[in-house]
Amino acid sequence: MSFQSLGLAPELLRAVADEGYARPTPIQQEAIPLALAGRDLIGSAQTGTGKTAAFMLPILQRLAGGDRGHALRALILVPTRELAEQVLQSARAYGRHVRVTAAAVYGGVGMEPQTRALKHGADIVVATPGRLLDHMERGHVDFSRLEVLVLDEADRMLDMGFAPDVRRILAALPDKRQTMLFSATISPEVDALARRALDGHASVEIGRRATPAEGVEHVIVAVDKLQKRGVLAKILQAKPAGQTLIFTRTKYGADKLVTFLRREGIPAHAIHGDKAQSHRTRTLDAFRSGAADVLVATDIAARGIDVDGIRMVVNFDVPHDPEVYVHRVGRTARAGARGLALTLLSPDEWLLMGDIEKLVGQVFPREVIPGFEPSVPPLQPRALKLEPARPARSVRARVGGRRRR
Ligand code: AMP
């Protein structure tokens, strides 16, 4: 299937070609014709599936065809400022051949430039809920001409406690509008939000439930907790190709790991909620440009990190929520590329890993790195009776590990 067959205007097809996209992703194939037809959508789609273009291209087409003069006509609510910036950049990139303006509104930076953008009438506003409410309370926002609402990463918005804010925003919007909701998982809470946002309108559900992107190789290294950082340093010292994004559960853990890696001669950087916005922006820019290639992040700080060259995602801590695993590893193997998801698994995390394997429907072999054998040898969790994944070669070859039977 081609972008041409989806019903997009020539200006948007040109922008898509400028981006170098050869063909639409599955979510784009499903969503774009429905969105162009003005349908309300509930999309189960995680980051990395091309969901931003799936809603942005139809919005741009609708707004480009509208009347002249700028007014807020499409609102996109997102959970984090990083994602807001990312979505704004997508609006600009996909909208470069049409006369549609866009602005982002999020916390942690001054109100004034955002106020000016809102008063001037940006066609598309990408906003985090808290800051948008601030502007609404100050009378900076006019929703009278709003036509489209997108709730992006709705599950994350709820996780971050934005439900009351989102409800207040919904109450201020015109009833007659197109609504699209995207979420990596459609939990009962997301479902309830969707029902409220769609307010009885018929909607179309698209996308599948969370499964890791194809092209990701999952490698599980069994190791004692206190040895994790040593194993990681050894793997990183072998200079794996491309960029590495490492997840820790806590901000403190992220800082401690960065300090350790630097002592081992690996120039790592941390990004999490305790860092100033300017620092986060600088770190992300360095990572995006390739000037920094090892980034340690917490899950929340990593929202919206959209970097194409990530070759390896490392789970330094195994996430408690199996969906988070899928989300994390979705940062690698973007848009058809290949990537590696490395999990450092200590004995206290076996059960968590079992939950993850149940969710993704695969059991991954446990690897052991010589010199870092865990005190409790890993069992192969065959009792699950699931298909074992293909044995992973790259990390073993790189660090001289061997598979443990
Ligand atoms: P998203 O899921 O919206 O965060 O997009 C993930 C990444 O895929 C972004 O870097 C996009 O630039 C890229 N992308 C989106 N659509 C396509 C496509 N049709 N072909 C190739 N890459 C794409």
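Let us start with two helices: α3 crosses α4 in a right-handed manner, meaning that the near helix is turned clockwise from the far one by less than a right angle. This is a predicted model, in which local features need pLDDT of at least 70 and side-chain atom pairs count only at pLDDT 80 or more, while totals for chains, interfaces and linings use all residues. Residues are numbered from 1 along each chain as its sequence is written, and side-chain values use heavy atoms, leaving out hydrogens and water.

Helix α3 covers residues 51-64 and helix α4 residues 81-94; they pack at an angle of about 50°, with axes 10 Å apart. The two are therefore oblique to each other, a label for angles that are not under 35 degrees, over 145 or from 65 to 115.

Which residues of α3 meet α4? They are Thr52, Ala53, Phe55, Met56, Leu57 and Leu60, and their partners in α4 are Val87, Ser90, Ala91 and Tyr94, where contact means heavy atoms within 4.5 Å. By class, eight of the residues in this contact are nonpolar, two are polar and none is charged.

Now look at the largest nonpolar core, a set of buried nonpolar residues joined through side-chain atoms within 4.5 Å. Of its 42 residues, those touching the most other members include Phe55, Met56 and Leu57, and α3 gives the largest share, eight residues. Another core, of 33 residues, lies apart from it, with Phe143 and Leu173 among them.

Finally, visit Glu153 in the loop between β5 (148-151) and α7 (154-159). Glu153 has a positive phi of about 50° although it is not a glycine. At 2% relative accessibility, Glu153 counts as buried (under 20% relative accessible area, with a 1.4 Å probe and protein chains only).

Key
Axes fitted to C-alpha atoms, helices over the stretch in contact; angles between N-to-C directions. Helix = DSSP H or I, 4+ residues; strand = E, 2+ residues; numbered from the N terminus. Nonpolar A, V, L, I, M, F, W, Y, C, P; charged D, E, K, R; others polar. Buried < 20%, exposed > 50% of the residue type's maximum accessible area, 1.4 Å probe, protein only.
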